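Reader: I am new to this structure, and I would like to understand how its descriptions are reached. Could you show it to me and take my questions in turn?

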Amino acid sequence: MKHHSDDKATNLSTADVGRRRMLQALGVASVAAVGLPGVASAQTTAQVNTTNLAITDTEVTVGQLHSATGTMAISETGAIQAEQLAIDQINAMGGILGRKIKVIKEDGASDWPTFAEKSKKLLINDHCAAVFGCWTSASRKAVLPIFEKENGLLYYPTFYEGLEQSKNVIYTGQEATQQILYSLDWAQKEKKAKTFFLIGSDYIWPRTSMKIARKHVENFQKGKIVGEEYYPLGSTNFGSLMNKIKVQKPDCIFVAVVGGSNVAFYKALKAAGITGDKQLLLTLAVTEDEMTGVGGENFQGFYSSMKYFQSLDNDNNKKFVAAFKAKYGKDAVIGDVTQAGYLGPWLWKAAVEKAKSFDVNKVVAASETGTIELKTAPEGYVKLDTNHHLWSKSRIAMGMPDATFKVVSESPELIKPNPFPKGYQ
Amino acid sequence: MTFSEMLNIGLMQGFAGLSLFAVLLLMGLGLAIIFGQMGVINMAHGEFMTIGAYTIYFGSTLASTYAPHLVAYYFPFAIIAAFIFTFLVGWLVEWALIRHLYKRPLDTLLATWGISLALQQIFRTFIGPKEVSPTLPDWLLGSWAPTEGLDIPINGMFVLGLTTFVSCGVLLALHKSRWGLRVRATVSNRMMANAIGIDTKKTDRLTFAIGCGIAGVAGAAFTTIGSTGPTSGSLYIVDAFLVVTFGGAASLLGTVVSAFGIAQTQSIAEFFLTGSMAKVITLSLIVLILMMRPQGLFASKIRR
């Protein structure tokens with residue numbers, strides 16, 4: 001009991017709490033200590049929660065904010081499912097600090113102002129201890145000011161353009177340099193590619209990614225960019241582009257075309273006679289999720305750069321894939337972002353347990369120590385850098401006719417996240 | 001670059017323009033009949049196309065599940081099914097909703113937009129939010145390469161052929177058949193057509209249903225180019241209205257010419273500039289021309 005009260009004293013002296021809340025905390029603590037001698041070793045709610053989050057002695061409330069409807073539902077469904085799976089598994093193990101996780105699900109409906117509004121609800125009304133959510137950069141940018149003002153904690157699963165590091169966000173996907181530099185170096189070394197043709201959808205992520213790719217090819221590889229093209233989101237008309245590619249004859253086509261346009265783009269390549277056996281093509285935006293639409297016959301022989309593929313051969317991944325299919329059906333496919341979504345609740349659990357508190361400031365401080373790691377991640381071992389991004393391996397995989405991926409190359413070491421790369425801006 | 005290579009690129013680029021023309025025309029045709037001939041602003045046009053596309057998807061799923069040896073042949077039949085199916089849905093929608101709104105054209109806009117949202121949600125709930133694409137028969141994939149370095153997309157040729165067939169069919173029907181005669185009579189003077197014994201209500205219903213049926217065929221053809229999702233229709237609707245309005249609402253020939261003009265401008269600009277820039281140039285040109293000719297390229301000479 002002595003140790004207990006010491007702990008409490010430090011909590012109260014360091015945390016910025018009012019007199020009234022301090023008295024409350026003391027009251028609750030003493031009631032717990034007197035009334036429940038059996039659980040004296042577990043931490044009281046007042047100790048793990050000094051900032052009025054929605055936490056009881058048996059439960060901790062978190063939020064989930066994705067698009068369950070609208071155009072992004074295609075992509076975000078996987079992340080929603082994976083986060084739920086992780087939470088179920090954590091609850092089955094007894095929860096976090098003896099508390100089961102309760103999820104409040106909100107639908108951002110593929111609409112960025114709706115994301116902002118729902119994040120306000122989750123933080124201000126529901127007092128969520130953490131939120132797992134967002135997919136597009138646009139939705140993340142919409143909720144960011146709210147998370148910073150209300151001091152919330154967001155776990156963001158998508159590979160994205162970098163150039164951001166917020167105290168209130170943990171980024172579980174790859175930032176741009178991790179994904180791009182490794183794949184460009186692979187194309188240069190393994191495939192002897194010197195000339196590159198860059199193609200993307202016309203919005204922030206492809207444009208930033210291609211800017212980094214161009215700098216890397218021109219300044220570091222001494223290669224040449226022979227074309228750079230952007231098409232509106234949802235575009236299905238790629239006829240002229242195919243001819244431009246044929247005029248330039250690039251060694252490598254480097255692609256960041258996303259969403260529905262993907263299908264039209266790979267069908268157009270096939271129809272123009274540009275196929276995997278004749279042309280090297282490397283994309284940053286085709287995961288298993290997109291493959292179901294694109295079709296194996298159209299992507300056969302092309303390459304995708306991601307940190308995770310469903311076919312990864314390790315024990316963690318086998319367990320994860322089996323659990324995912326048991327819950328969501330045997331035809332379920334798992335893409336890169338789905339796996340990154342699965343990491344979120346586990347990383348949060350590790351940080352909370354290290355901080356011995358649910359308080360956002362303490363969880364963030366624990367996350368910034370550089371010692372939060374996951375040995376059970378499906379993609380293999382990952383650790384959280386002090387800059388809120390993950391150290392992870394990059395991988396290149398080839399599309400197979402049956403719409404699966406075969407990993408052909410893997411970075412030997414974990415790649416350090418570098419959201420503000422020097423020389424690339 | 002040698003001369004023969006340049007020739008090949010030129011030929012392929014010409015074909016890219018033609019196949020975009022075919023896509024735009026097929027999109028606009030059904031709308032031109034409904035909007036041009038009947039004055040109904042059908043905001044659900046895109047969703048009728050989506051219904052056609054889903055019909056192909058079901059055809060492909062059925063074929064590959066129950067009769068894998070028929071996968072090579074199902075496509076033409078699925079297109080006919082797509083026409084019949086969207087025709088029937090169009091018939092139903094006209095009977096249930098549109099016929100009550102002929103005297104309130106702006107309300108048809110609202111009503112059909114409502115239908116469009118409802119259909120999108122039905123697709124999402126009953127078919128699923130993920131985009132799907134059917135397994136296409138092998139003869140529709142890849143390219144036709146008569147010489148080295150010349151690749152003509154087979155799906156492009158297919159869409160071009162289908163568009164030619166449908167447009168000729170519509171033009172012939174409009175000018176040679178009894179239905180066409182009744183439609184033209186109704187368009188030029190509804191009251192008089194009624195007076196001489198034409199059942200204008202039945203004509204309206206048939207016209208609307210045929211327009212929807214053609215939208216279904218268009219949607220079916222586009223499965224060879226792109227994917228199908230609950231909101232695919234909203235991608236098509238803008239282009240479709242653009243083609244019809246630019247061509248002059250009441251003229252089918254105008255629709256053809258406008259589709260050709262837009263497609264060639266877009267495709268040539270795309271070749272020399274970037275994709276997004278080409279769109280900017282095409283749309284600015286359309287805006288400019290519409291400012292000078294608000295009635296579109298081909299104005300109808302009839303009084304309403």
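Reader: How many residues does each chain give to the contact between chain B and chain A?

Author: Chain B gives 34 residues and chain A gives 33 residues, where two residues are in contact if their C-beta atoms, placed from the backbone, lie within 7 Å. On the side of chain B that touches chain A, helices H1 (3-38), H5 (154-176), H10 (252-272) and H11 (275-292) of chain B each supply at least two residues, and the largest share, six residues, comes from H1(B). Helices (H or I, at least four residues) and strands (E, at least two) are DSSP runs, numbered from the N terminus. The residues of this side of chain B divide into 13 nonpolar, 15 polar and six charged, given that Ala, Val, Leu, Ile, Met, Phe, Trp, Tyr, Cys and Pro count as nonpolar, Asp, Glu, Lys and Arg as charged, and the others, Gly among them, as polar.

This is a predicted model, in which local features need pLDDT of at least 70 and side-chain atom pairs count only at pLDDT 80 or more, while totals for chains, interfaces and linings use all residues. Residues are numbered from 1 along each chain as its sequence is written, and chains are lettered from A and ligands numbered from 1 in the order in which they are written.

Reader: Why is B:Phe83 called buried?

Author: A residue is buried if 20 or more other C-beta atoms lie within 10 Å of its own, exposed if 12 or fewer, and partly exposed in between, with C-beta atoms placed from the backbone. B:Phe83 has 21 such neighbours, and therefore counts as buried. This residue lies in helix H3 (residues 74-96) of chain B, and, not counting residues up to four places away in sequence, B:Phe83 touches B:Gly213, B:Gly216 and B:Val217.

Reader: What makes chain A as compact as a globular protein of its length?

Author: Chain A has 15 helices and 15 strands. Its radius of gyration is 23 Å, close to the 22 Å that the globule rule gives for 425 residues, so chain A is as compact as a globular protein of that length; the radius is taken over C-alpha atoms, and the rule is 2.2 Å times the number of residues to the power 0.38. Of the 425 residues of chain A, 54% count as buried.

Reader: How do you know that the span of helix H8 of chain A agrees with its number of residues?

Author: The expected span of a helix is 1.5 Å times one less than its number of residues. The 17 residues of H8(A) (residues 204-220) should therefore span 24 Å, and the end C-alpha atoms are 23 Å apart, which agrees.
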